[in-house]
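Reader: Please take a close look at the charged side chains of this model and the partners they meet, and then follow the account on to the aromatic rings and the pocket beyond them. I would like the reasoning behind each burial label spelled out.

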Amino acid sequence: IPAQSSLARDFHTIPDTGAMIGGSVQVAHPSMATIGGTFVYQGAVPPAATKVAEVDMDFKFEAIAKAYIVTFFTTLFLSGIVTVTATDFSFSTDKIIGYYGFLNPCILFDHFPAKALSMMGIGLDLAIGSVYTCVLGLYVYLHGDVFNTAWIAVVTVLTLSADALFINVFTVNLYPERLPPRRLHSIGEEMAMDSFMGKSMPQADIDAVERHTSYYIIWLMAELWMALEVARMHFSQASKGVIQITPWKSWLFIGVMTIGAGLHALTMLIMILQNRPKVDWYFVEGEMTDLISRLQVIIVTLDRVTGSSAWGWIPIMLYRYVLDIGHGLRITMTTVKEQHGMIQPAMWVSRAIVGLCVLFGMGGVFLPAWEHDDTAVFRLASVMRSKPFGYYAAPLFLALVAYLGAGVSLMTVEQRLLDGRVRWPLVWSGMLFMFSIFACMLVVLEEERFTRYFAITAAVSFPVWLLQFAALRGFVVEAVVYLASAGVFLLAAISINWWSFYYGFLGVSMMFPCVV
């Protein structure tokens, strides 16, 4: 690629060859695609000369894939320990086992308090997966194919939406605390498969399991779609000589993944459409004749032969390793020269805060019973537990918190560019604030009574974080007035429990853009 072309600026030069990746150029080694952004300084006091020319952040596909796998299986392991040691889990009363008739990893995520731990871990895992998806979209964009970019943008949006919706696996409460403990089946702890035959579950339990499964199916189908796009990129890179592959190994993995995950998703969808437990028909001879089409019978038969219901989800966890080692995205951030676009991290934080306020405000409008719910110190937050509002609110909350975290991180990076050093008090207070807000997501769990401590931590760490920025940027007076006003409304709302103070707090909080 000619050095003066716009595309050439998007890719690093490989030191040993001088070649650049892009278009149809063939190189011996992969490289990092680079996209740049320029910070737009916002502050009352003009900054001094920039101490650092630029900051590079590398996002390698392999590193993100490892983080995704480690986070998931660590969460699975820890949740399993808590499920076995600290919950009332029993093979004879578990609704997932009662519906499907065999062990499923998700049973380790369903029982409180293991559910709280797993929701945090899987929420983090979904955020990591979303980073991979966004990096992949930008990676395709930098290769300069506008039509391919438009297509991957559609896939990216759908995948991110499905990732956010997956959090509803935890929002669905399979074991409502208002119901007394009871045994679903009179079977022993030995979990013999035959003991499930012919048993039926209450319709409310069937509906809950199927709703729980539907969000998993949406996520699985979106991830399979993204996996096929990654596979297409893998073979495209190989055909251009950008990477070297062993064709039969690549085709074997892609084939197993497509067949396994595809059969798994379709079979799960057929199961929940029957509106009766799987154990009442899947394992019973002659019962499959009740399926509405011959094609459904073929799909279920293939699933029984291959056992994809048990292992079909595993390849989906591994497809992120398909792209070659070394490939990824480098984001170069600076304050002194024009890049691909302008970065305004304070605006990112502002949008997230306004979005969270609107979310809670809408919940209070349509769910007036929150005023009488004393399970949350900030009573308006209890609207997150209401159904069906919670099924919309939980994914939006997760997405807004992820966007907020990106903004807080970028504000820290911008300050490092200006100061030439890392301000660790700023970093730690920002991390504490983000962890606390993220943990407040657990308010959607009907059993929890501890998110108030995370909310208090957030209410303390946020002013500490904001005042540090205010001192550095020269808007201390505005920040103090903003925090004091929000604090007065918050304390009044908690003490007096009058709806106008709650909405006054939300209104003041939404003034954050005017402060920064």
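**Charged pairs, rings and a pocket**

Author: Lysine 66 has a relative accessibility of 42%, which lies between the 20% and 50% cut-offs, and therefore counts as partly exposed. The model is a predicted one, and the values that follow are to be read as computed from it. The partner of lysine 66 is glutamate 62, whose side chain meets that of the lysine in a salt bridge with an N to O distance of 3.6 Å. Glutamate 62, with a relative accessible area of 23%, is also partly exposed, because this value is not under the 20% that burial requires. The two residues belong to helix 1, which spans residues 61-86, and stand four residues apart, about one turn of the helix.

In general, side chains of opposite charge can pair when their charged atoms come close. The model holds nine salt bridges, among them one in which the side chains of glutamate 448 and arginine 385 meet at 2.4 Å, N to O. This pair links distant parts of the chain, 63 residues apart, since glutamate 448 sits in the loop between helix 13 and helix 14 while arginine 385 sits in the loop between helix 11 and helix 12. Glutamate 448 and arginine 385 are buried. Another of the salt bridges joins arginine 423 to aspartate 419, with 2.3 Å from N to O. Here the labels fall on either side of the 20% cut-off: aspartate 419, at 19% relative accessible area, is buried because its value is under 20%, whereas arginine 423, at 25%, is partly exposed because its value is not.

Positive charges are also placed over aromatic rings. Arginine 320 lies over the face of tyrosine 132, 5.5 Å from the ring centre, and lysine 387 lies over the face of tyrosine 391, at 5.9 Å from the centre of that ring.

Turning to the rings themselves, the count of aromatic pairs comes to 32. One of them is formed by tryptophan 370 and tyrosine 502, whose ring centres are 5.0 Å apart and whose planes stand at 80 degrees, so that the pair is classed as edge-to-face, the angle being over 60 degrees. Tryptophan 370 lies in the loop between helix 11 (345-366) and helix 12 (389-419), and tyrosine 502 lies in helix 16 (residues 499-509), so the pair links distant parts of the chain, 132 residues apart. Tryptophan 370 and tyrosine 502 are both buried. Elsewhere in the list of pairs, Phe433, Phe462, Trp465, Phe469, Tyr482 and Phe512 are linked by ring pairs into a cluster.

Several of the helices named above return in the second largest pocket, which holds about 940 Å³ of space. Its lining numbers 32 residues, and those nearest the centre of the pocket are Ile437, Ala455, Ala459, Leu490 and Phe505. Two or more lining residues are given by each of helix 11, helix 12, helix 13 (424-439), helix 14 (451-473), helix 15 (476-496) and helix 16. Of these, helix 14 supplies the largest share, eight residues. By residue class, the lining of this pocket divides into 28 nonpolar, three polar and one charged.

Conventions: Residues are numbered from 1 along each chain as its sequence is written. This is a predicted model: local features need pLDDT of at least 70, side-chain atom pairs count only at pLDDT 80 or more; totals for chains, interfaces and linings use all residues. Side-chain values use heavy atoms; hydrogens and water are left out. Rings of Phe, Tyr and Trp (its six-membered ring) pair if their centres lie within 6.5 Å; planes under 30 degrees apart count as stacked, over 60 as edge-to-face and the rest as tilted. Buried means under 20% relative accessible area, exposed over 50%, partly exposed in between (1.4 Å probe, protein chains only). A charge sits over a ring if NZ of Lys or CZ of Arg is within 6 Å of the ring centre and within 35 degrees of the ring normal. On a 1 Å grid over the protein atoms alone, a cavity is a set of points where a 1.4 Å probe fits but cannot get out, and a pocket is an open set with protein on both sides within 12 Å along at least five of seven lines; lining residues have an atom within 4 Å of a point. Grid points are joined across faces, edges and corners, and a volume is the space filled by probe spheres set on the points. Ala, Val, Leu, Ile, Met, Phe, Trp, Tyr, Cys and Pro count as nonpolar, Asp, Glu, Lys and Arg as charged, and the others, Gly among them, as polar. A salt bridge is a side-chain nitrogen of Lys or Arg within 4 Å of a carboxyl oxygen of Asp or Glu.
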